[in-house]
Amino acid sequence: MSGVRYEFETELFRWEARRDLWVFARLPDDISEEIRLQPHPPAGWGSVKVMMTLGGSRWSTSVFPESADGAYVVAIKGDVRRREGVGLGDRVTLGVETML
């Protein structure tokens, strides 16, 4: 069951905590705050289940808070980046829909 859908522009960045290449996108602070205040099924590490869209790609994943009160971040899968022709440092338009 879907919740609220948001669309925003953001930059793709490398997750520095890993040696291998993990590419993430940060949700805007205002959208992160709205998601944080919505009721969600319990999930680990403060994550929230979502459906993401980037161009013509759509996939199920979770967003995670960077810190206890920080913005949410989401991993952008390699196959999605290749299919959509985007990479590190690119600005992309993402859609995120919370799942209830």
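This is a short tour of the structure above, one selection at a time.

Before you start, note that the model is predicted: local features need pLDDT of at least 70, side-chain atom pairs count only at pLDDT 80 or more, and totals for chains, interfaces and linings use all residues. Residues are numbered from 1 along each chain as its sequence is written, and side-chain values use heavy atoms, with hydrogens and water left out.

**Stop 1: helix α1**

Select residues 29–37, which make up α1. Helices here are DSSP runs of H or I with at least four residues, strands are runs of E with at least two, and both are numbered from the N terminus. Colour Ile31, Ser32 and Ile35, which are the buried residues to look for in α1. Buried means under 20% relative accessible area, exposed means over 50%, and partly exposed is in between, using a 1.4 Å probe and protein chains only.

Now turn the view so that you look down the helix axis. The buried residues of α1 fall within an arc of 100°, so they line one face of the helix; the arc is that of the directions from the helix axis to the C-beta atoms. On the other side of α1 you will find Asp29, Asp30 and Leu37, which are exposed.

What do the buried residues of α1 pack against? Show β1 (2–14), β3, β5 (72–75) and β6 (91–99), and you have the answer.

**Stop 2: Ile35, in helix α1**

Stay on the helix and select Ile35. Its relative accessible area is 0%, so Ile35 is buried. Leaving aside neighbours within four places in sequence, Ile35 is in contact with Tyr6, Leu27, His40, Val48, Tyr72 and Thr98. Contact means heavy atoms within 4.5 Å. You can also draw a distance from the C-alpha atom of Ile35 to that of Pro65: they are separated by 11 Å, while the two residues are 30 apart along the chain.

**Stop 3: salt bridges**

A salt bridge is a side-chain nitrogen of Lys or Arg within 4 Å of a carboxyl oxygen of Asp or Glu. By this rule the count comes to 5 salt bridges, and three stops follow.

- Still in α1, select Arg36 and Glu33, whose side chains meet in a salt bridge at 3.5 Å, N to O. The two are 3 residues apart in the helix, so about one helical turn separates them. Arg36 is partly exposed at 26%, and Glu33 is partly exposed at 36%.
- Next, select Arg5 and Glu7, which form a salt bridge at 3.5 Å, N to O. Glu7 counts as exposed at 56%, whereas Arg5 is partly exposed at 40%.
- Then select Arg26 and Glu66, where the closest N and O atoms of the salt bridge are 2.8 Å apart. Arg26 lies in strand β2 (residues 23–26) and Glu66 in the loop between β4 (57–65) and β5, so the pair ties together parts that are 40 residues apart in sequence. Arg26 counts as partly exposed at 33%, as does Glu66 at 39%.

**Stop 4: the aromatic cluster**

Keep Arg26 selected and add Phe13. The charged end of Arg26 sits over the ring of Phe13, 4.5 Å from its centre. For this, NZ of Lys or CZ of Arg must be within 6 Å of the ring centre and within 35 degrees of the ring normal.

Which residues form one aromatic cluster with Phe13? Add Trp15, Trp22 and Phe24 to see them. Rings of Phe, Tyr and Trp (its six-membered ring) pair if their centres lie within 6.5 Å; planes under 30 degrees apart count as stacked, over 60 as edge-to-face and the rest as tilted. The count comes to 3 aromatic pairs. In one of them, the ring centres of Trp22 and Phe24 are 6.4 Å apart and the planes are at 20°, so the pair is stacked. Phe24 is buried at 8%, while Trp22 is partly exposed at 35%.

**Stop 5: Arg81**

Move to helix α2 (residues 78–84) and select Arg81. Arg81 is buried yet has no salt bridge. How far away is the nearest side chain of opposite charge? It belongs to Asp79, and the distance is 7.4 Å. Lys and Arg count as positive and Asp and Glu as negative, while His and the chain ends are not counted. Beyond neighbours within four places in sequence, Arg81 is in contact with Leu21, Val23, Ile76 and Val86.

**Stop 6: Trp45**

Finish in the loop between α1 and β3 (48–54), where Trp45 is found. Trp45 counts as exposed, at 78% relative accessibility. Phi of Trp45 is near 60°, a positive value in a residue other than glycine.
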